[in-house]
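Visitor: I would like a close look at one helix pair in this model. Please start with how the two helices are set against each other, then move outward.

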Amino acid sequence: MIRNSTPPEAPATGAWEELVTTALLGTDRRTPPAGAPGRTAPVALLDAAAVQTVRRRAGLRPAPAARRPEPAPEDPRPPLPAAAGRRLAMLLADRPGAAGGRRGTAPDLMELLPQWLAAANTHGYAPPPEALPALLDAARSRTDLRPAALAFGGPRARWLAGLNPDWRFALRAAPGAAAPAGSEEAGRVRRLWEEGLFAERVALLASIRSRTPAAARELLAGSWATERAEDRLMFLDSLRTGLGPADEAFLEEALADRSRNVRSTAAELLSALPGSALASRMAGRARSCVAVDHTRGAPTLVVEAPHECDAAMERDGIAPKAPAGRGERSWWLGQLVEAAPLATWPGRLGGRTPREIVALPVADGWQGELHAAWCRAAVRQRDAQWARALLGPPAASDAGGPGAVSLAERAKLLGTLDAAERADWVAGFIAAHGLPEAFQLLGVCAVPWAAPLGRAVVDALNIARDAGSYPWSFSGVMGLAERCLDPAEASRLDGLLAVPDEAEDASPGAGGYWAEAFQRLVTTLRLRSAMAGELEAARAG
């Protein structure tokens, strides 16, 4: 078997380059080769290009055929039920903007694809082979889809990706794809670690770290001194998975790294280990900065921020230079308190609980800085008790407690709570403050939303509709509801599908939009219910 692959002779190549030059300059500035009588210059140029194209193809010399690819590996997982396979084809065929916009009652299928993939992976199905190209194309265009899409695609998707350069991301990004079969064989792992592409090495390290943290750390330690600074930073970040006391010695050595970013990341990881030597050093520094003053009538926190950032502090990850518009002393204080174990404070501040500590007044305007640092520490150390204290009750007038100075911080604090408590807090927040402030908080809640949260969202949307509110300002929340509301709630929405009477001060067309939006919500919820049923069909049978 042969195929044409050898380039044509130089004269033909030269003629082709002449045609390209003429096309770039324009036929009014460069005369193309003479064509048939009566042909205009542009047409003559195209005629010449067509002739040269045929000559170039016909002039290729035969060469040995490429080696045939190995057959695709078997996928041992059960096949996807037929109805679910048809649904997958519909989801993959949908493209953003294909309908010319979101307004209408049709569900946004591409936004449902991540949820469908997660459910299919939970059931452990194998995809239909004919769906793999579209699945890989979808993962190529949307990086958020890649983990779930590649897990669902399985070994055949990785095999197919090796045949198309556009899908090479799958060879590096798929879970465990970078590690060869039998990766316990030290020689094969070592060879990939020493010779692989950077992305492949990151994937290999992450794969090993998720299974055997000590083995990943030892692999990294073996080449640490020869790695580039930017690579060391990425590799070090992989130690977040499975971080534990056994990593302390390696991270302490990284505190002396040449790169400031590497030192900073090592210090951050060490501060997440409350028993580490660095955490102890930070606790000592932070304790000297905060105390209770009993001479002011009521117990009050007083702050004495550091007067300098010495070499030892800098080695432990304290950035000496403050950002523009920020005082140096407050900048150093924030970093020290953030890195100190939260267990430091009850003993230092009179045996008080986190809630009692947060309730104390803070003298001389230091409250915002001190509480913001405690917020960051609670997130870093995953301390739910401190997070609750800093969040405060959801109905509080400041909508988030004295330490939560922004919605982003509240969202991060909520991430330390379990799913049910998180949903209850956000539901209370919505009931007290409405939806305009809640969008970012809803994004950290587990899907599907718990019943109290779902009811709070629907009730708030209904209130906004009845008040004649500008409807487009709620489109983000409505989109989240389509993806996150429990499909069982669809029946509760039937009463909201009619076009309401519009008040005189309502936004023009608001009633029609609200009816349309609720119709799309109900349609999407019922579609999600049908999708779940299709994936359950084989189990039920």
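Guide: Start with helices H4 and H6, which are oblique to each other. The reason is the angle: their axes cross at roughly 40 degrees, and an angle counts as roughly parallel only under 35 degrees, so this pair falls outside that class. The model is a predicted one. H4 covers residues 109–123 and H6 covers residues 146–161. Their axes come within 9 Å. The crossing of H4 past H6 is left-handed.

Now the contact itself. H4 contributes Trp-116, Leu-117, Ala-120 and Asn-121. Facing them in H6 are Ala-148, Ala-149, Ala-151 and Phe-152.

Ala-120 leads onward. This residue of H4 meets H6, and Ala-120 also belongs to a nonpolar core of 32 residues. Other members include Leu-91, Tyr-125 and Trp-167. In soluble globular proteins, nonpolar side chains tend to be buried together.

That core lies apart from the largest one. The largest nonpolar core has 103 residues. Within it, Trp-345, Trp-374, Ile-430, Trp-449 and Leu-453 touch the most other members. Helix H26, residues 510–540, supplies the largest share, eight residues.

Take Ile-430 as a sample. Leaving aside residues up to four places away in sequence, Ile-430 touches Leu-435, Ala-438, Leu-442, Leu-453, Ala-456, Val-457 and Ala-460. Leu-453 is thus a contact of Ile-430 and is itself listed with the residues that touch the most other core members.

Two single helix positions are worth setting side by side. Thr-265 sits in helix H13, residues 260–271. Its relative accessibility is 10%, and the limit for buried is under 20%, so Thr-265 counts as buried. Beyond four places in sequence, Thr-265 touches Leu-233, Leu-236, Asp-237 and Arg-240.

Asp-47 is in helix H2, residues 41–58. With a relative accessible area of 28%, Asp-47 is partly exposed. Its C-alpha atom is 9.3 Å from that of Pro-33, 14 residues apart along the chain.

Last, a strand pair. E3, residues 290–293, and E4, residues 300–303, run antiparallel and are joined by four bridges. One of the bridge partners is Val-302 in E4, which pairs with Ala-291. Six residues lie between the strands of this hairpin. There, Gly-297 takes a positive phi near 90 degrees.

Terms used:
Residues numbered from 1 in each chain as written. Predicted model: local features only at pLDDT ≥ 70, side-chain atom pairs only at ≥ 80, totals over all residues. Heavy atoms only, no water. Core = buried A, V, L, I, M, F, W, Y, C linked by side-chain atoms within 4.5 Å. Buried < 20%, exposed > 50% of the residue type's maximum accessible area, 1.4 Å probe, protein only. Helix = DSSP H or I, 4+ residues; strand = E, 2+ residues; numbered from the N terminus. Contact = heavy atoms within 4.5 Å. Pairing = 2+ DSSP bridges. Axes fitted to C-alpha atoms, helices over the stretch in contact; angles between N-to-C directions. Parallel < 35°, antiparallel > 145°, perpendicular 65-115°, else oblique. Left-handed = near helix turned anticlockwise from the far one by under 90°.
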